[in-house]
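Walk through this model with the coordinates open. The route goes from the sheet to the ligand, then to some backbone details.

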Amino acid sequence: MNTQPWSLRRLHAVDPAQIDGLADVLIDCVDGGASVSFMHPLTRERATAFWRRVADGVATGARALLVAEDAHGICGTVQLVLDLPDNQPHRADLAKMLVHRRARRQGLGAALVRAAEAVAIDCGRTLLVLDAVTDGDAARMYARLGWIRVGDIPRYALMPQGEPCSTTYFYRDLAG
Ligand SMILES: CC(C)(COP(=O)(O)OP(=O)(O)OC[C@H]1O[C@@H](n2cnc3c(N)ncnc32)[C@H](O)[C@@H]1OP(=O)(O)O)[C@@H](O)C(=O)NCCC(=O)NCCS
């Protein structure tokens, strides 16, 4: 029996209402100070444009998109980037792990990681790579879930308010 307040699924097509819901989650994460490619404030227009591009990638099979939904709508998401060079057919990048602040610290982030790993296996991808803010909430989560820390790159990106931050690369070997 599913006792969690959310359900997880993979979207093979993304409709306008889902783009809106995904934009809500992205804006909430940036408002909350997460370094996820965007500066603060993130406008709805920019957030929606980002998810439209993701939707295009989902439609072509370049990306796998997972969403979590609760009683209020989409509350979490993660992607696998599948369109990698020809010599990396066994690999995917895990990207844009986002959990709305209303749904955090209940195990949803961990559930999204495990679901993305399962989708990767389904897609024949056995080596996953990601980067996360050094020593942040996400980095702690990936380490806890068995991802291997490769190393840090100082001054890799900016936090939403403009201060530089270090990034840590992780990988997960799902072979065998
Ligand atoms: C990083 C992020 C995805 C984690 O999502 P989450 O749903 O809170 O993750 P989890 O609930 O699995 O784990 C978070 C914490 O809650 C704890 N937790 C999990 N289930 C819990 C429960 N039922 N009760 C209490 N605590 C719980 C975990 O042990 C973990 O603790 P820690 O941070 O002290 O190590 C989320 O904080 C987020 O979206 N951040 C902003 C965006 C971001 O930075 N994305 C990463 C880009 S690389």
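Start with strand 2, residues 63–70, in this predicted model. Of its 8 residues, 6 are buried, so the rest of the structure largely encloses this strand. Buried here means under 20% relative accessible area.

Now look at the pairing. Strand 1 covers residues 7–11 and runs antiparallel to strand 2, with 5 bridges between them. Take Leu8 as a marker: its bridge partner in strand 2 is Ala68. Strand 2 also pairs with strand 3, residues 73–81. That pairing is antiparallel too, over 8 bridges. Ala68 serves as a marker again, since its bridge partner in strand 3 is Gly76. So Ala68 links to Leu8 in one pairing and to Gly76 in the other. A hairpin of 2 residues connects strand 2 to strand 3.

Next, the ligand. Which pocket does the ligand take up? The space it fills is the largest pocket. There are 18 residues around the ligand, and Met97, Val99, Gly107, Gly109 and Arg140 come nearest. Several elements build this shell. Strand 4 (91–99), helix 3 (108–122), strand 5 (127–133) and helix 4 (137–144) each supply at least two residues. Helix 4 gives the most, with 4 residues.

Polar contacts come from both backbone and side chain. A polar backbone atom of Val99 is 2.8 Å from a ligand oxygen. A polar backbone atom of Arg105 is also 2.8 Å from an oxygen atom of the ligand. Arg144 uses its side chain: a polar atom there lies 3.0 Å from a ligand oxygen. Taken alone, the ligand exposes 950 Å², and the protein buries 71% of that.

Finally, check the backbone. The peptide bond from His40 to Pro41 is cis, with omega near 0 degrees. Pro41 sits in the loop between helix 1 (16–31) and helix 2 (44–60).

Two residues other than glycine have positive phi: Lys96, at about 50 degrees, and Arg155, near 55 degrees. Lys96 lies in strand 4. Arg155 belongs to strand 6, residues 148–158. Is each one buried or exposed? Lys96 has 17% relative accessibility, so it counts as buried. Arg155 has a relative accessible area of 70%, so it is exposed; the cut-off for that class is over 50%.

Technical notes
Residues are numbered from 1 along each chain as its sequence is written. This is a predicted model: local features need pLDDT of at least 70, side-chain atom pairs count only at pLDDT 80 or more; totals for chains, interfaces and linings use all residues. Side-chain values use heavy atoms; hydrogens and water are left out. Buried means under 20% relative accessible area, exposed over 50%, partly exposed in between (1.4 Å probe, protein chains only). Two strands pair if DSSP finds at least two bridges between them. A residue is near a molecule or strand if one of its heavy atoms lies within 4 Å of it. A polar contact is a pair of N or O atoms within 3.5 Å; within protein, one must be able to donate a hydrogen and the other to accept it, and residues adjacent in sequence count only if both atoms are side-chain atoms. Accessible areas come from the Shrake-Rupley method with a 1.4 Å probe; for residues, only the protein chains shown count as cover. On a 1 Å grid over the protein atoms alone, a cavity is a set of points where a 1.4 Å probe fits but cannot get out, and a pocket is an open set with protein on both sides within 12 Å along at least five of seven lines; lining residues have an atom within 4 Å of a point. A molecule sits in a cavity or pocket if more than half of its atoms lie within 2 Å of its grid points.
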